[in-house]
Amino acid sequence: MGEGRRPHAMMFPFPCSGHINPTLKLAELLHSRGVHVTFVNTEHNHERLLRRRGGGGALRGRREGFRFESVPDGLRDDERHAPDSTVRLYLSLRRTCAAPLAELARRASPPVTCVVLSGLVSFALDVADELAVPSFVLWGTSACGFACTLRLRQLRQRGYTPLKDESYLTNGYLDTPIDWIAGVPTVRLGDISSFVRTLDPTSFALRVEEDEANSCARADGLILNTFDSLESDVLDALRAEFPRVYTIGPLAAAAAAATHIDRAPTTNGLSLWEEDAACVAWLDAHPAGSVLYVSFGSLTVMSPDALAELAWGLADSRRPFLWVIRPGLVAGAGDNHHALPEKFIEDTKDRCFIAEWCAQEQVLRHGAVGGFLTHSGWNSTAESIWAGVAMICWPGFADQYINSRYVRDEWGIGLRLDEELRREQVTAHVEELMGGGQRGEEMRRSAARWKAAAEAATAKGGSSYGSLDKLVEQLRRLE
Ligand code: UDX
C-alpha cells in the first residue's frame, strides 16, 4: 500500500439488529485503528435509523474516515410484514444489492480495499471478487454456533435431518448424541440448531444456513464475536480448517474500550428501535442484583399462550423485572402488542417495568440487574457474559439452542427452560437464579469469572485486542 494511504473497508451487514449491531461495533473498532469505513445499510433501515434520537447526527454528521451509505433492498412495503419476511428479504437482497454495492465501491474515495460482510449476505463475496479486493466475514454467532452450522451439511448427508415425521420431534430422537463435531463436546442433535428440526427434505432455511456458513471458506478471513478462553477447543478446531480466524469479542466490550480512546461522536447506541430511557431511572431505584431483565432480541415471535405462562411465572416469582416486549414479539397481537392480561398488569404494577426496547448493554451492566431471561441470541449472550450476569435461557431458533447448551453446561452461568413454557418452571428458575441457594451462588461466581476473562481479553495485551491488531495488519497488507 502506498505511503499515506489507509485501508478502506466497505461493510455490509444483513439488515437486522442481530447483524447490524455487531457490524457497527466492528466498524468502530476498525475506525479507531485507522481504517477508513463505509458502512452500508439498506435504504429502509437507513430511514429508520435517521428517525431515531441521535440517528441524524450519527448518520449525517461529518466524521473523518467514517461514512454511511445505503442501497435499496428491493422489498415491497407489504412484504415487510409478511410471516416469511426474513426469507423474502434474504432473496431480495441477493437479487437487488450486488450491483449498487459494486457501484458504491467504484465511486468511493479513497478506493475500497476490502469488503466486510456479516453472515447471510454471502453474495457480497462475489462483489469483492468483482472488485478484486479481499473479503472478510463477521459471522455473528459464537464459535460453537458456527462450528455446528458448518456441520448441517454432514447432518443432512448422513440422514440425521430432515426428520422422518412429526413424531421425531417428541420421541426422544432429538436427544441423539452427536460426538463428531471437532472441538464441540457431545451434544444432543436437537441442540445443534433449530434447522435440524425440519421435516421438509427441501427445507430452504436449512440449505441457506449450511450454504452461508460454508461460503465463509471463500473469504480471506473469518471474524468471530468471541474470545479465545471462552471457546478454546472449538476455536482450535476452526483454526485448523480456516487459515485466518480473528476472535475479537465480546465486541460490546471491545467497542466500549475503543470509543474511550476515539473521542469523536460514535454510532454507540444507534438502534433500529427507539430505546426507552425511563427504564434506567426505574433500575436506579432498585437494590443491587434484585431485578430480572427479560428480553428476546429482535426476531423472536411467541404465542399469546406462551406470553401468558411467562407473565404469570414472572408475577409469581414476586421479584422485580424489566421486560422488553417489542412490537411484533407476540404473534397476532397487532398494535396491542403487550397483549397482557389486565389482572397481571394490576398485580405487578409495583415491581414490573415494560419497555418496547431498551439500551440493553447499559441495562445488563446496571448494578440492579441480577439475572437475564433471554432467548440466547449470541449478541445478548455475549453482552451478558461481559456484564457478568447469569441467565435463564429460552432458546427457540437457529444457534440459540447451542448457545444455551454452553451457557448451562460448559460455562456454568445459566439454567434452561423447557420449550413449552410453564409458569411453575419459570418461577422456580427465577428463584434458583436470583435466590440465595447454592446453585445461584455458583452461577454468579462463574459469571463474575467470565466477566473478568472478557475484560482481560479486550484490554490492551488481551487475546481479542491482539486479534484485532492482526486483522488491521492484514487489511493493510492485503491491498
Ligand atoms: C439474531 C438471531 O436470532 C440470533 O440467534 C443470532 O445469534 C444473532 O442474530 P437476535 O434474535 O436479534 O439475533 O438476538 P441477539 O443476537 O441477542 O441480538 C439482539 C441485539 O439487540 C443485542 O445486541 C441487544 O443488545 C439488542 N437489544 C435487544 C437492544 O439493544 N435492546 C433491546 O431491548 C433488546
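These legends walk you through several close-up views of a predicted model.

**View 1. Two domains side by side.**
Let's start with the overall division of the chain. Domain 1 is built from three stretches, 3–149, 177–271 and 460–477, while domain 2 covers 278–455. Their C-alpha centres are 26 Å apart. Where the two domains meet, 28 residues of domain 1 are in contact with 25 residues of domain 2. On the domain 1 side, at least two residues each come from α1 (17–32), α7 (143–150), α9 (189–192) and α12 (251–261). That side of domain 1 is made up of 16 polar residues, eleven nonpolar ones and one charged residue.

**View 2. The shell around the ligand.**
Here we look at the ligand and the residues about it. The shell has 24 residues, and the closest to the ligand are G18, G297, Q360, G377 and S380. Three helices, α1, α16 (360–364) and α17 (378–387), give two or more residues each to this shell. The largest share, four residues, is the contribution of α17. By type, the shell holds 14 polar, seven nonpolar and three charged residues. Because both domain 1 and domain 2 give residues to the shell, the ligand lies between them.

**View 3. The largest nonpolar core.**
This view turns to the buried nonpolar residues. The largest nonpolar core counts 141 residues, and A147, I223 and L322 have the most contacts inside it. Domain 1 and domain 2 both supply residues to this core, so the core lies between them. I223 makes a good place to rest your eye: leaving aside residues up to four places away in sequence, I223 touches L26, F136, V137, L138, Y246, I248 and L471.

**View 4. Helix α6 and its buried face.**
Follow residues 123–131 to trace helix α6, where A124, V127, A128 and L131 are buried. Looking down the axis of α6, you would find these buried residues within an arc of 100°, so they line one face of the helix. The partners they pack against are β1 (8–12), α5 (98–107), β4 (114–118) and β5 (135–139). Just after the helix comes A132, with a positive phi of about 60°.

**View 5. Helix α18, mostly covered.**
Of the eleven residues in helix α18 (residues 400–410), eight are buried. They are Q400, Y401, I402, N403, S404, R405, Y406 and V407. These buried residues pack against the helices α7, α9 and α17, and also against the strands β7 (187–188), β14 (391–393) and β15 (414–416). Just after α18, look for G412, which takes a positive phi of about 65°.

**View 6. Two cis peptide bonds, each leading into a proline.**
One cis bond joins T161 and P162, with omega of about 0°. You can find P162 in the loop between α8 (152–157) and β6 (177–178). Another cis bond runs from G249 to P250, and its omega is near -10°. P250 sits in the loop between β9 (245–247) and α12. As noted for the first view, α12 also supplies at least two residues of the side of domain 1 that touches domain 2.

**View 7. Positive phi at R318 and S376.**
R318 is not a glycine, yet its phi is positive, near 60°. Its place is the loop between α14 (304–317) and β11 (321–324). R318 has 11 C-beta neighbours inside 10 Å, so it counts as exposed. S376, also a residue other than glycine, has a positive phi near 70°. S376 belongs to the loop between β13 (369–374) and α17. With 32 other C-beta atoms within 10 Å, S376 is buried.

**View 8. F344 and its contacts.**
Our last stop is F344, part of helix α15 (residues 342–348). F344 counts as partly exposed because it has 17 C-beta neighbours inside 10 Å. Not counting residues up to four places away in sequence, F344 touches A311, W312 and A315. W282 is 62 residues away from F344 in sequence, and the two are 19 Å apart in space, C-alpha to C-alpha.

Terms used
Residues are numbered from 1 along each chain as its sequence is written. This is a predicted model: local features need pLDDT of at least 70, side-chain atom pairs count only at pLDDT 80 or more; totals for chains, interfaces and linings use all residues. Domain bounds come from an automatic or database domain assignment. Two residues are in contact if their C-beta atoms, placed from the backbone, lie within 7 Å. Ala, Val, Leu, Ile, Met, Phe, Trp, Tyr, Cys and Pro count as nonpolar, Asp, Glu, Lys and Arg as charged, and the others, Gly among them, as polar. A residue is near a molecule or strand if its C-beta atom, placed from the backbone, lies within 6 Å of it. A nonpolar core is a set of buried Ala, Val, Leu, Ile, Met, Phe, Trp, Tyr and Cys residues joined through C-beta atoms within 7 Å. A residue is buried if 20 or more other C-beta atoms lie within 10 Å of its own, exposed if 12 or fewer, and partly exposed in between; C-beta atoms are placed from the backbone. The arc is that of the directions from the helix axis to the C-beta atoms.
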